[in-house]
Amino acid sequence: MVTSNWTPTPMSAPSASTPPATASARQSTLRTANLALVARKVLSSREPISRADVAAATGMTRSTASRLADDLVDAGILAELAPVPATGPGRPAVPLAPPHGTFVALGLEVNVTHMAVRAIDLSGEMLAERIVLDDFAGSDPAVVLTRLSRLLADVLALGAVGRARLVGAALALPGLVSDGVLLRAPNLGWSEVRPADHLAPVLAPAGLGLLVGNEANFGALTVGRERPTSAYQHPSYIYLSGENGIGAGIVREGRVIIGASGFAGEIGHVQIDPAGPLCSCGNRGCLERYAGRRVILRAAGLADDDSPETLVSAYEAGDAQAVAAVEAAAHALGVGLGGAINLLDIPVVVLGGHLAPLTRILRPLLTEELGQRVLASSWSVPEVVQADGDQIPGATGAAWTLLEQVVADPVAWMRAD
C-alpha cells in the first residue's frame, strides 16, 4: 500500500543527502503510485465503489483518495456514476466505475484460421471488431499483413474509435517474437517478419506504434477475467491455446512468465515420441502432432472444417476412430503437461483454443494422465478447466496489455491544461 504521509525535506534547509530536486522527484513518484493504486482499485472491483471505499481499501485519507479520484475522472481513466441516495446524514455517495470509450487500445491477431482487429476500452467493452476467416497456413506474410492493415483502417475510421484516446496497437502471433520481429511461426510458414513495416502506413498517421507478442501469452491474460486489471480467477495456471499448433501461456501470481528471451511456452514442440510424425518445426513426435486441431479431426475420420461438437458427439457415441483420436491427444497432452507441472509446480491447466470445446471429453482422460505423471499429484491435485468462449483471446489480451499500461502510469496519460 502507498500513502501520502511522506514529508519532504524543507526547501529552506535541504539535507546534503536529499537535495530539493530529489524530494520533488519522490513526491512525483508517490503521486504516480497513488494514482495507479486508486485506478487499479476501482477498475479491478466487480461493482462500482465510492471514494470512501477506495480510502478504506488503500489506507489513504478520504481527502487524498477523493482528490486522486477527481484527477482520474477528469482524465477519463475513471468514470462517475449517478449518486446513490443517502440512507443517513451526509452527501450521497458517487460511485466510481470503469469509463466507456475514453481510452481505447487496438488488439490485432493473425492465426492459422483467422485474422482480427478489436478496439477495446478500459471497461473491457469491445467498441468495434473486424474478423476474416481463412486458411493462412503457409501464407505470404506481406499479403496477409496488407489484408490486416485494411481491417485496421476500417476500425480506425469508426466514430466510436475516432472519438476515443488511442493508447496503441498490439499484434498477437503464433510463434517466437523478439523486439517486434516474428522470428518463426512454423504453422504460418513465416520467419523473420517485422509486422510494423507492413502496418505502418495505417498506424503512423494515427500516431500509433505496434507492440508484437506471442498469441498464447496475450490470450492467457484474459483467462477468468472480465476486463483489464480485474482479478484473476486462478492466480497461477498454464493456459493452452491452439489451432493447428499448440502454445502455452504460463501465468504465476498474475504475471505471464515469458522466459529469458521471451520464448517460454512452446509446449506444442515438446517431443512426445522421437519416432513420431514429422512436425512443421522440423522435429518428430511433437505434442501438436497428436493434439493439434486438424490432427485430431483427421485421426477421428472427420474433415478439417468439421466442428468440435461433431468430434464430441462421435466420441460420446463410441465411434472407434474418434475415441482413439481423443485418447491419443489426451495422452500426448498428459506427457507434455505432466513435465511442465513437475517443473513449474503450477497444477491448474486451462484448455483454450480448439481444445476448449473438447474439455468435457478430455478432462477425465487428462486428469488421469496427470495424476500418474505429476509427482506431487497426491498433495496438489492437477485441475483441468475450460477457457471461456472467446475464440480470439489473443487480440483481446493484446489490447488489455496496452490498457493496463494506462492504469500502471496514469500520469503519463493525463493531459496538462
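In this predicted model, Phe103 of strand 3 faces a partner in strand 6: the residue opposite is Arg165. Strand 3 and strand 6 (residues 165-173) run parallel and are joined by seven bridges. Strand 3 also pairs with strand 4 (residues 114-121). This second pairing is antiparallel and again comprises seven bridges. Within it, Glu109 has Ala116 of strand 4 as its bridge partner. Three residues separate strand 3 from strand 4, and the two strands form a hairpin.

Strand 4 in turn pairs with strand 5. The sense is antiparallel, over seven bridges. His114 is matched by Leu133 in strand 5. These strands belong to an open sheet of five strands, in the order 5-4-3-6-10. Pairing in the sheet is mixed. Strand 5 (126-133) and strand 10 (210-214) occupy the edges. Each has a single partner strand, so one side of each is left without a neighbour in the sheet. From one strand to the next, the twist averages 15°.

How many residues of strand 3 are buried? The count is eight of the eight, so the strand is largely enclosed by the rest of the structure. Burial holds for both directions in which its residues point. Phe103, Ala105, Gly107 and Glu109 point one way, and all are buried. Val104, Leu106, Leu108 and Val110 point the other way and are buried as well.

Phe103 also takes part in an aromatic contact. The structure holds two aromatic pairs. In one of them, Phe103 meets Trp413 edge-to-face. The ring centres are 6.2 Å apart, and the planes make an angle of 90°. Phe103 lies in strand 3 (residues 103-110), whereas Trp413 lies in the segment after helix 13 (393-408). The pair therefore ties together parts that are 310 residues apart in sequence. Both partners are buried. Phe103 has a relative accessible area of 1%. For Trp413 the relative accessibility is 17%, which counts as buried because the cut-off is under 20%.

Tyr232 and Tyr237 form a pair with ring centres 6.3 Å apart. Their planes stand at 45°, so this pair is tilted. Tyr237 is buried, at 0% relative accessibility. The ring of Tyr232 has a further contact, with a charged group. The charged end of Arg225 sits over this ring, 4.2 Å from its centre.

Helix 3 was examined for its length and its burial pattern. The helix covers residues 62-75, a run of 14 residues. At 1.5 Å a residue, the expected span is 20 Å. The end C-alpha atoms are 20 Å apart, which agrees with that expectation. Which residues of helix 3 are buried? They are Thr64, Ala65, Leu68, Ala69 and Leu72. Viewed down the helix axis, the buried residues fall within an arc of 125°, so they line one face of helix 3. Arg62 and Asp74 are on the other side of the helix, and both are exposed. Gly76 follows helix 3. The phi of Gly76 is positive, near 85°.

Technical notes: Residues numbered from 1 in each chain as written. Predicted model: local features only at pLDDT ≥ 70, side-chain atom pairs only at ≥ 80, totals over all residues. Heavy atoms only, no water. Helix = DSSP H or I, 4+ residues; strand = E, 2+ residues; numbered from the N terminus. Expected span 1.5 Å × (residues − 1). Buried < 20%, exposed > 50% of the residue type's maximum accessible area, 1.4 Å probe, protein only. Arc of directions from axis to C-beta. Phe/Tyr/Trp six-rings, centres within 6.5 Å; stacked < 30°, edge-to-face > 60°. Lys NZ or Arg CZ within 6 Å of the ring centre and 35° of its normal. Pairing = 2+ DSSP bridges. Axes fitted to C-alpha atoms, helices over the stretch in contact; angles between N-to-C directions.
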